[in-house]
Amino acid sequence: MPQLRCPIRRSTPATARISARLALCLVAVTTCALAASDGLERRGAGGFLVRPLASELGFDAPPPPPAFRVGEASRVAAPTNQWYSTVMFHRWAYPLYAQPLTYRPTEAGFEVGLPSKTVVIEDDGRKRFIRYPHVGAFSLSATGYTPTHSALARHDDWLVTVRLADEAGRGMDATVLHGSPYSYYEVPSGDLRVRLRAAAEVIEETPTALVLRINGRVYAVYGPHGARFEHVSASEIVLHLNDGARFAVVAGLPDDRVETRALFAAHAYAMPVTTRVSWQYDEATARVTNTFTVETRALQEGAGTTLMGLFPHQWSATDVAPASAPTYESVRGPIRVIAANSFTLTRTFNGLLPRWGAVTDAKVRSQVESLLSGDVAKADQLFMRQGHGTYWIGKGLGAVSTLAGIAEAHGKLAQRDELPANIKGRLETWLDGRHSQHFMYDPTYGTLFGFPQEYGSVTQINDHHFHYGYWLQAAAAIGLRDPAWLGEDRFGGMVRELVRDIATTERGRADYPFLRNFDPYEGHSWASGIQPFEYGNNQESSSEAVNAWAGLILLGETLNDRAMRDLGIYLYTAEVASVQQYWFDLPRNVLAPELASPFASMVFGGMYGYNTWWTEEPRQIMGINLLPITTASTYLGRDPTSIDRAFAALPGEV
């Protein structure tokens, strides 16, 4: 706990004294200031604390440290909230859902699998899940050493290298990436062992390629020239390597056709070493362009072009992946394979208003203004719904910001001015770094924590984009009416710090990771910071992710920061496209009929379902993917038939 200057009764027992101190500090934040010696990093009139996280948590346990990193990955900020973040936090990582393949580092080796659909129905049908679980068909390991743990060795936009390391940090490096049918294995010495998890049928074998059918799925192992395969037993194959080339390439094939095997063998030796996404917004045409580029290294002479698997939200926005392309069934729908090192997506940004317009119908206008007066009078209650942390305070900030826009649209300027003043006071209390409600940075985790925490925002580094999106919206609402408040000498520096936490655009920084919550290849965000799940990372409230990027757009426009605005436009259009594909399935080509629901409310790396973390009540399941309703929510109405389907699925009773 921080040292707090709060009046407490010294005669109370220790536990009660701590509880009283916490209660007083949460309620009377304006009179309960942090000691000046607590390591305050100034940002204009604001600031945040810099110190080890354990000093702040009291009775709560901090998240596990991102200890399992080596080499390049250990020198940059920890990439939390990604599809591979589990590797940093667990000695043996949970499964990696790279799509179309899945992987898992284990003591026995690096497992490889091509998942198949399973349907899980629980609680008399109220809980439904469509799962594509990781099931290892075989594992690869080095023959020359025994690994003691897995560790993140390097990462970029959608590529990661995981090391199965021994005590000295040596080991086999496994490189995997989103969308690729290949994975790549390199060892400094010795050979590579393939341990089969089930009976295998040999479809084809050459000195450098072995094609197997395991549990009905087709896999290939490619070795360098001069290598040879030795079938040691029915469950073990050793790839003997030569001193000049110590690698193997593994592929999961969509089928066993001769032409498919030839295609995959032809591109197997172009190893991706760098992946990059770029974005550009053309204001004149309102078009957003995203280019995905892979740089490859030739493992064999002449290899230059790899195979890339395009997800539905990608091939629906480009013409480079025809329906005739080799295709995988996956939890994300059909993944189509192209031979290329880059592709470009183009989408339209339909614009964003800072507030709704006025109601013109006289009767409805009167009703709105009556409701407005009541809500303004009760504005303080919007901050006392359920919690006092960054989420529920953020929701209050968002609601009051929306009220200010309604008051402004209807010419109620006194009410309009009253509401931003309310927001300012609360924001400044949090952002000045001198109260019990404050932000703190710990370089071990490379993230900005808000205290008090809610929903594991500190102890599991969860949901920062959900929480901080509301704060960005509120800051933009103030800046539109009082630009000086966002000056670097006032609170603009702290607002930018919130942006950096969830949406840093520079790669390789030591303080914050690149686009913490956003997965460029899948085109949407992830919520879990440390990812302790068998089915990968997850995101429930797709609408709150959209809200974060809308806040970035408005803030960038308010600050006249075109780079921030264009980043927000990229993230907003990409997130909306993926939400419409994987949550609401507007094209009707992803969600399985067994889900028996018009949309998925929660999406994992290897699963989606119709439920929430806290209830199976249908209105709340729908609501968590609709709220907050703002001017950024118009995407929800682009397909009226999907709205009809969703509401038709709700029970009739209120």
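Of the 654 residues in the protein chain, 59% are buried, meaning under 20% relative accessible area with a 1.4 Å probe and protein chains only. The model is a predicted one, so to speak of local features takes a pLDDT of at least 70 and side-chain atom pairs count only at pLDDT 80 or more, while totals for chains, interfaces and linings use all residues. Residues are numbered from 1 along each chain as its sequence is written, and side-chain values use heavy atoms, with hydrogens and water left out.

As for overall shape, the C-alpha atoms fill a box of roughly 80 × 60 × 50 Å along the principal axes. The radius of gyration of the protein chain is 26 Å, which agrees with the value near 26 Å for a compact globule of 654 residues; it is taken over C-alpha atoms, and the globule rule is 2.2 Å times the number of residues to the power 0.38. Among contacts with a separation of 6 or more, 66% link residues 24 or more positions apart, a contact being heavy atoms within 4.5 Å. The secondary structure comes to 14 helices and 32 strands, which are DSSP runs numbered from the N terminus (helices H or I, at least four residues; strands E, at least two).

Now for the inside. The largest nonpolar core has 183 residues, and F110, F138, M172, Y185, Y222, F439 and Y572 have the most contacts inside it. Such a core is a set of buried Ala, Val, Leu, Ile, Met, Phe, Trp, Tyr and Cys residues joined through side-chain atoms within 4.5 Å. Helix α12 (residues 562-583) gives this core its largest share, eleven residues. Leaving aside neighbours within four places in sequence, M172 is in contact with a dozen-strong cast including F110, L140, Y145, V162, Y185 and L192. Another core, of seven residues, lies apart from the largest one, and F129, Y535, M602 and M607 are among its members.

Helix α10 (residues 492-503) is largely enclosed by the rest of the structure, because ten of its twelve residues are buried. Among them are G492, M494, L498 and I502. Its end C-alpha atoms are 16 Å apart, which agrees with the expected span, namely 1.5 Å times one less than the number of residues.

One small stop remains: an open sheet of three strands, in the order β22-β24-β23, with antiparallel pairing. Strands pair if DSSP finds at least two bridges between them. The edge strands, β22 (307-310) and β23 (327-328), each pair on one side only. Two bridges join β23 to β24 (residues 335-339), and T327 stands opposite R336 in β24.

Note on methods:
Buried < 20%, exposed > 50% of the residue type's maximum accessible area, 1.4 Å probe, protein only.
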